[in-house]
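Reader: Could you walk me through the packing and the charge pairs of this model?

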Amino acid sequence: MGKLAFIFPGQGAQYVGMGKDIAAQYKSADAIFDEAAEALGFDIKEMIFNGDDETLKITENTQPTIVTTSVACMQPLLEKGIKPDFVAGLSLGEYAAHVAAGTISFKDAVALVRKRGKFMQEAVPVGVGAMSAIIGLDNDSVIESCKEASAVGVCEPANFNCPGQLAIAGEVAAVEKANELCKAKGAKRAMMLPVSAPFHCSLLKPAGEKLAAELEKITLNDIKVPVVVNVTAQCVTNRDEVKTTLINQVSNSVLWENCVKTMLEQGVDTFVEIGPGKVLSGFVKKINKDVKVLNVENLDSLNATLEELSK
């Protein structure tokens, strides 16, 4: 029998109304939205279901809204006895993965990611940092371009998403320089991303330090399902390693392609992306076109996934 992985999306997947129809149909999902509102002290349910895009785009809102929606969308699967063999999440999604694994309580996770979003935004003044997506160029050439562009300022690989798709981050002039260098090396596209901070690069170290202080305040539980983490692309099964990996994740590259490869090596042949959007589904398909990739973000996709998993 092949194994099943639950994977959870990162920032950028948010949209108004996400998870609303699942919450209307499943009390367990709706209860998660209420629990988030209680943990945060404001009506996050209203923000998600009936808010506006601009409010959701603010990093300290984006992070808790996505984690809440992802955990809510997972509830119907758990209700029906569907449990993963492995979990992983892209960047922010790693917190939802830890909730799924039992490492972090949902209330702690949602409060933590709101602060994480705030710390990440505060680490670099708006307009100082930037991110760019590099399409159609091998990893080594992108890494080389970042090194060359570092003469102008900080520029580092931020996300290794799938073959031929990376994101880089750093100071604006250096990222623009890296874009030029990548294009000269044969990249199909090098385009600036509409983000508010240069995520997953060394400029974010101050955010990691603030996050470390917040992580000290929470109690971690034993991990019930192996979590494949972004910073090493390896399984973490010991809760003592978790805080370090979450702190380092803020200012280090996300090794998503290798995370997926690790799960494939462990025998995973079915991936269910849980939460808004289908970005990770696309990445998985580019890494291995033979695996089954499903998603749960609304009732239609939930019902299709339940039907597929019951075969």
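Here are a few questions and answers on the core and the salt bridges.

Author: Glad to help! This is a predicted model, where local features need pLDDT of at least 70, side-chain atom pairs count only at pLDDT 80 or more, and totals for chains, interfaces and linings use all residues. Residues are numbered from 1 along each chain as its sequence is written, and side-chain values use heavy atoms, with hydrogens and water left out.

Reader: Which residues touch the most other members of the largest nonpolar core?

Author: A nonpolar core is a set of buried Ala, Val, Leu, Ile, Met, Phe, Trp, Tyr and Cys residues joined through side-chain atoms within 4.5 Å; buried means under 20% relative accessible area, exposed over 50%, and partly exposed in between (1.4 Å probe, protein chains only). The largest core has 70 residues, and those touching the most other members are Phe-6 and Leu-77.

Reader: Which residues are linked in a network of salt bridges with Lys-45?

Author: A salt bridge puts a side-chain nitrogen of Lys or Arg within 4 Å of a carboxyl oxygen of Asp or Glu. Lys-45 pairs with Asp-30, the closest N and O atoms being 3.0 Å apart, and with Asp-34 at 3.1 Å. The network partners of Lys-45 are thus Asp-30 and Asp-34.

Reader: Is Glu-214 buried or exposed?

Author: Glu-214 meets Lys-217 in a salt bridge (3.2 Å, N to O). Lys-217 is exposed, at 61% relative accessible area, whereas Glu-214, at 12%, is buried.
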